[in-house]
Amino acid sequence: MQHIRLICVGQQEEAYIREGIAVYEKRLKRFTRFERISGAPSISHRGKLDPARLAIEEATWIRRQRADRAQMVLLDEHGTVYDSRGFADWLQSSAAAGLGKFDFVVGGAYGLDPSLRSEAHHIISLSALTFTHQMVRLIFVEQLYRAFTQIHKLPYHNEGF
């Protein structure tokens, strides 16, 4: 069974996002070990940092959250774009290749520090559209659940209609 972690910079989520994520986290339990880690570096002068410096601080925090031997996959607008079937195929082929641990990473409001891109095993874009980093969390867990239902040939996706 794969172990998938979603590492997210920031903690403040609207109630509807928390509720939506909780629905898919519960559904994912039948397919994978899933956990979500949310937080941010403790910076007393956060509002005074320029976005580039803040991204560096957040990257340091992300590195501290990483699991040993996990594949780091960034969720970033400049990544590979998959449709739902393509993402499921990628996830399935990764598992077949023996990759069982993934750390998917969502950056803060100003995105991810470029140094993380060079360390990442893969970078995925969820859309050409721009979403808040809060919405990305919900969209990602739904797409992850959708991928597992496709892999296990369950009717959730309704492909072909």
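This short presentation walks through the sheet, one helix pair and a few single residues of a predicted model.

Good morning, colleagues. Let me begin with the sheet. The model, which is predicted, contains an open sheet of 5 strands in the order S2-S1-S4-S3-S5, with parallel pairing. Strands S2 and S5, the latter covering residues 122-125, are the edge strands, and each of them pairs on one side only. From one strand to the next, the twist averages 30 degrees. As general background, the strands of a sheet pair through backbone hydrogen bonds, in either a parallel or an antiparallel manner.

I turn now to strand S1, residues 3-9. S1 pairs with strand S2, residues 33-39, in the parallel sense, and 7 bridges connect the two. Two of the partnerships may help you to find your way in the structure: Arg5 has Glu35 as its bridge partner in S2, and Cys8 has Ser38. S1 also runs parallel to S4, to which 6 bridges join it. On that side, Ile7 has Val105 of S4 as its bridge partner.

How many of the residues of S1 are buried? The count is 7 of the 7, so S1 is largely enclosed by the rest of the structure. The side chains divide between two directions: His3, Arg5, Ile7 and Val9 point one way, while Ile4, Leu6 and Cys8 point the other way, and all are buried. For those of you who think in terms of residue chemistry, please note that His3 and Arg5 are included among these buried positions.

The connection from S1 to S2 deserves a word. Together with helix H1, residues 15-28, these two strands make a β-α-β unit, and the unit is right-handed.

Next, the other part of the sheet. Strand S3, residues 71-81, pairs with strand S4, residues 101-106, in the parallel sense over 5 bridges. Within this pairing, the bridge partner of Leu75 is Val106 in S4. Helix H3 packs on the sheet, where it touches S1, S3, S4 and S5, and the direction of H3 makes about 140 degrees with that of S4.

One residue of S3 merits individual attention, namely Gln71. Is Gln71 buried or exposed? Its relative accessible area is 18%, and a residue under 20% counts as buried, so Gln71 is buried. Leaving aside residues up to four places away in sequence, Gln71 touches Arg66, Leu99, Lys101, Phe102, Asp103 and His121.

Let me move to the helix pair. In general, two packed helices are described by the angle between their axes and the distance between the axes. For helix H3, residues 84-96, and helix H5, residues 133-151, the axes come within 9 Å and cross at roughly 70 degrees. Angles of 65 to 115 degrees count as roughly perpendicular, and H3 and H5 are therefore roughly perpendicular to each other. By class, their contact has 8 nonpolar, 4 polar and 2 charged residues. From H3, the participants are Ser84, Arg85, Phe87, Ala88, Leu91 and Gln92. From H5, they are Phe140, Gln143, Leu144, Arg146, Ala147, Phe148, Gln150 and Ile151.

Finally, I should like to show three residues outside the helices and strands. Arg69 is found in the loop between helix H2, residues 51-65, and S3. The phi of Arg69 is near 60 degrees, a positive value in a residue other than glycine. With 75% relative accessibility, Arg69 counts as exposed. Lys153, in the segment after H5, likewise has a positive phi, about 55 degrees, although it is not a glycine. Its relative accessible area is 73%, and Lys153 is exposed.

The third residue is Ala97, which lies in the loop between H3 and S4. Where does Ala97 stand in terms of accessibility, buried or exposed? The relative accessible area of Ala97 is 60%, and the cut-off for exposed is over 50%, so Ala97 is exposed. The C-alpha atom of Ala97 is separated by 25 Å from that of His157, and the two residues are 60 residues apart along the chain.

To close, I would leave you with two points: S1 has 7 of its 7 residues buried, and H3 packs on the sheet while also meeting H5. Thank you for your attention.

Terms used:
Residues are numbered from 1 along each chain as its sequence is written. This is a predicted model: local features need pLDDT of at least 70, side-chain atom pairs count only at pLDDT 80 or more; totals for chains, interfaces and linings use all residues. Side-chain values use heavy atoms; hydrogens and water are left out. Two strands pair if DSSP finds at least two bridges between them. Helices (H or I, at least four residues) and strands (E, at least two) are DSSP runs, numbered from the N terminus. A crossover is right-handed if, with the strands pointing away from the viewer, the path from the first strand over the helix to the second runs clockwise. Buried means under 20% relative accessible area, exposed over 50%, partly exposed in between (1.4 Å probe, protein chains only). Contact means heavy atoms within 4.5 Å. Axes are lines fitted to C-alpha atoms, for helices over the stretch in contact, and angles run from 0 to 180 degrees between N-to-C directions. Angles under 35 degrees count as roughly parallel, over 145 as roughly antiparallel, 65 to 115 as roughly perpendicular and the rest as oblique. Ala, Val, Leu, Ile, Met, Phe, Trp, Tyr, Cys and Pro count as nonpolar, Asp, Glu, Lys and Arg as charged, and the others, Gly among them, as polar.
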